[in-house]
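Here is a quick tour of a protein chain, written for someone who likes to keep the viewer open while reading. Have a look at the model, then read on.

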Amino acid sequence: MRSESFGGIRPRMVDLFAHRAMEVFWRERERERKMGETTEKVKGEALQIIGGFEVLPKLVVFDLDYTLWPFYCECRSKREIPSLYPHAKGILLALKEKGVDLAIASRSPTSDIATSFLNKLGLTPMFVTQEIYSSWTHKTDHFQRIHSRTTVPFNSMLFFDDENRNIQAVSKMGVTSIFVGNGVNLGSLSEGLAQFSRNWNASQKNKQKWLSKYSNKSESNTSNHAA
Ligand SMILES: [Mg+2]
């Protein structure tokens with residue numbers, strides 16, 4: 001009698017669990033398919049945006065929390081499956097395809113969680129360097145390290161971050177720095193590349209001005225010597 005009732009309930013429970021598991025599986029498959037479609041669409045649009053600029057940065061540096069993904073790492077568990085802002089992956093792929101190097105500058109105190117999430121998302125091989133550690137400076141030491149590891153000059157870098165204090169400190173180093181209010185997206189990519197072009201053209205003009213001033217001076221010095 002006992003085994004009969006047990007035997008009657010158990011198959012129904014097993015069916016229920018199996019049904020739930022299948023539901024979760026298909027829902028997850030559908031979510032991944034839709035995300036893949038979005039990523040491809042965003043990548044195509046990002047390639048078009050990038051193609052519209054004559055001058056590109058050599059290296060684009062991204063913050064993590066609330067720039068590439070919508071959360072603070074320290075509030076999450078390593079066991080979770082993270083997700084990015086909807087435009088983030090397409091933008092990373094497009095920059096990479098155009099030969100622009102990518103790096104991370106994050107002040108997250110939980111670098112183990114951040115690194116594990118980057119691995120789970122399959123992003124780790126995309127970055128030439130990942131500087132993830134807490135610091136009292138507003139990422140100026142992160143950028144010194146990025147520069148010494150990559151040898152890319154600061155004025156050839158573009159940086160995206162959601163904290164104004166980091167934007168201000170890093171832009172003083174000569175890096176074009178763009179504040180993102182709601183995660184990196186096609187709008188901020190476009191704004192960043194436009195600002196980078198303006199900064200680059202201004203620095204080239206200054207360089208030309210300085211060179212012609214210097215060469216005029218040295219010519220007049222030479223003529224003086226000749227006289
Ligand atoms: Mg952040």
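## Leu68 and the core

Setting aside residues up to four places away in sequence, Leu68 touches Phe62, Leu84, Tyr85, Ala88 and Val184. That makes a handy way into this model, which is a predicted one. Leu68 belongs to the largest nonpolar core, a set of 39 residues. Along with Val61, Phe62, Ile91, Ala114, Phe159 and Val184, Leu68 is among the members that touch the most others in that core. Which element gives the core its largest share? That would be H2, with five residues.

## The overall layout

Zooming out, the protein chain has six helices and five strands. Read from the N terminus, the order is α-β-α-β-α-β-α-β-α-β-α.

Now for the dimensions. The radius of gyration of the protein chain is 25 Å, while a compact globule of 227 residues would come in near 17 Å. Along the principal axes, the C-alpha atoms fill a box of roughly 120 × 40 × 25 Å. Buried residues account for 27% of the 227 residues. As for contacts between residues at least 6 apart in sequence, 69% of them join residues at least 24 apart.

## Strand E1 and its partners

Strand E1 covers residues 59-62, and its residues are all buried: Leu59 and Val61 point one way, Val60 and Phe62 the other. The general pattern is familiar: side chains in a regular strand alternate between the two faces of the sheet. Two of these E1 residues, Val61 and Phe62, turned up above among the core members that touch the most others.

E1 pairs with strand E2 (residues 101-106) through four bridges, and the two run parallel. Val60 has Leu102 as its bridge partner in E2. To get from E1 to E2 the chain passes through helix H2 (residues 88-97), in a right-handed β-α-β crossover. E1 also pairs with E4, again by four bridges and again in parallel. Here the bridge partner of Phe62 is Phe160.

## From E2 to E3

Next door, E2 and E3 run parallel and are joined by five bridges. One pair to pick out is Ala105, whose bridge partner in E3 is Glu131. The chain gets from E2 to E3 through H3, and this β-α-β crossover is right-handed.

H3 spans residues 111-120 and includes Lys120. Is Lys120 buried or partly exposed? It counts as partly exposed, because it has 14 C-beta neighbours inside 10 Å. Beyond its neighbours within four places in sequence, Lys120 is in contact with Ile81 and Pro82. Lys120 and Ile81 sit 39 residues apart in sequence, yet their C-alpha atoms are 7.2 Å apart in space.

## The two faces of H5

Helix H5 runs over residues 164-171, and its buried residues are Asn166, Ile167 and Val170. Why do they line one face of the helix? Looking down the axis of H5, the buried residues fall within an arc of 100°, so they share one face. The face turned away from that buried side carries the exposed residues Asn164, Arg165 and Gln168.

What lies over the buried residues of H5? The cover includes helix H4 (140-150), strand E4 (157-161) and strand E5 (176-179). E4 is also the strand that runs parallel to E1.

## Two positive phi angles

Two residues are worth a click for their backbone angles. Tyr66 is not a glycine, but it has a positive phi of about 65°. Tyr66 lies in the loop between E1 and H2. With 18 other C-beta atoms within 10 Å, Tyr66 is partly exposed.

Lys139 is not a glycine either, and its phi is positive at about 75°. Where does Lys139 lie? Look in the loop between strand E3 (127-132) and H4. Lys139 counts as buried because it has 27 C-beta neighbours inside 10 Å, and the cut-off for buried is 20 or more.

Terms used:
Residues are numbered from 1 along each chain as its sequence is written. This is a predicted model: local features need pLDDT of at least 70, side-chain atom pairs count only at pLDDT 80 or more; totals for chains, interfaces and linings use all residues. A residue is buried if 20 or more other C-beta atoms lie within 10 Å of its own, exposed if 12 or fewer, and partly exposed in between; C-beta atoms are placed from the backbone. The arc is that of the directions from the helix axis to the C-beta atoms. Two residues are in contact if their C-beta atoms, placed from the backbone, lie within 7 Å. Two strands pair if DSSP finds at least two bridges between them. A crossover is right-handed if, with the strands pointing away from the viewer, the path from the first strand over the helix to the second runs clockwise. The radius of gyration is taken over C-alpha atoms; the globule rule is 2.2 Å times the number of residues to the power 0.38. A nonpolar core is a set of buried Ala, Val, Leu, Ile, Met, Phe, Trp, Tyr and Cys residues joined through C-beta atoms within 7 Å.
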